[in-house]
Amino acid sequence: MREQPIGEAVEDDERAMVIAYHRGDTHAAIDTLLEDIRHLRRQLALTEAAMSRGMARGWRPSYHRD
């Protein structure tokens, strides 16, 4: 899969590729994507804790759900 800019819509072929990777098991595909989200949130929390406040000029990640 190609890297997407933030906010770009997911295309149907990308969904199909994820499901095909999991041999048609949609539950496994969803589980993998949710685990990826958890991992990225942990990485973001570690980065937030390690970087100085001035580096990001007060920016803090948003954890709200749309």
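The legends below describe close-up views of a predicted model of one chain.

**View 1. Overall chain with two helices and zero strands.** The chain contains 66 residues, of which 9% are buried. Its exposed area is about 6,000 Å², and carbon and sulfur atoms supply 57% of that area. Helix α1 covers residues 12-21, and helix α2 covers residues 26-50. With 25 residues, α2 reaches 36 Å from its first C-alpha to its last, close to the 36 Å expected at 1.5 Å a residue.

**View 2. Salt-bridge network of E35, R38 and R42.** The count of salt bridges comes to two. In one of them E35 pairs with R38, and the closest N and O atoms are 3.2 Å apart. In the other, E35 pairs with R42, with the closest N and O atoms 3.3 Å apart. Side chains of opposite charge can pair when their charged atoms come close. E35 and R38 are three residues apart in helix α2, so about one helical turn separates them. An α-helix has 3.6 residues a turn, so residues three or four places apart point the same way. E35 takes part in the bridge to R38 and in the bridge to R42, and the three residues are thereby linked in a network.

**View 3. Solvent accessibility of the residues in the network.** E35 is partly exposed, at 36% relative accessibility. R38 is also partly exposed, with a relative accessible area of 42%. R42 has 45% relative accessibility and counts as partly exposed. Each of these values lies between the 20% limit for buried and the 50% limit for exposed, which is why the three residues are classed as partly exposed.

**View 4. Nonpolar surface patch made by I30, L34 and I37.** The patch has an area of about 250 Å². L34, one of the residues in the patch, is placed in helix α2. L34 has 39% relative accessibility and is partly exposed.

**View 5. H22 in the loop between α1 and α2.** Is H22 buried or exposed? H22 has a relative accessible area of 16% and is therefore buried, the limit being under 20%. Leaving aside residues up to four places away in sequence, H22 touches A28, A29 and T32.

**View 6. R23 in the loop between α1 and α2.** The phi of R23 is near 55°, a positive value in a residue other than glycine. Most residues other than glycine have a negative phi. R23 is exposed, at 81% relative accessibility, whereas H22, in the loop between α1 and α2, is buried at 16%.

**View 7. D25 and H27 at the start of α2.** A side-chain oxygen of D25 comes to within 3.1 Å of the backbone nitrogen of H27. The atoms to show are therefore one from the side chain of D25 and one from the backbone of H27, a pair of N and O atoms within the 3.5 Å limit for a polar contact.

Methods:
Residues numbered from 1 in each chain as written. Predicted model: local features only at pLDDT ≥ 70, side-chain atom pairs only at ≥ 80, totals over all residues. Heavy atoms only, no water. Salt bridge = Lys/Arg side-chain N within 4 Å of Asp/Glu carboxyl O. Helix = DSSP H or I, 4+ residues; strand = E, 2+ residues; numbered from the N terminus. Buried < 20%, exposed > 50% of the residue type's maximum accessible area, 1.4 Å probe, protein only. Contact = heavy atoms within 4.5 Å. Patch = residues over 30% accessible without salt bridge, like charges linked within 9 Å, V, L, I, M, F, W, Y side chains within 5 Å. Areas by Shrake-Rupley, 256 points an atom, 1.4 Å probe, with all protein chains shown as cover. Expected span 1.5 Å × (residues − 1). Polar contact = N/O pair within 3.5 Å; in protein donor to acceptor, adjacent residues only side chain to side chain.
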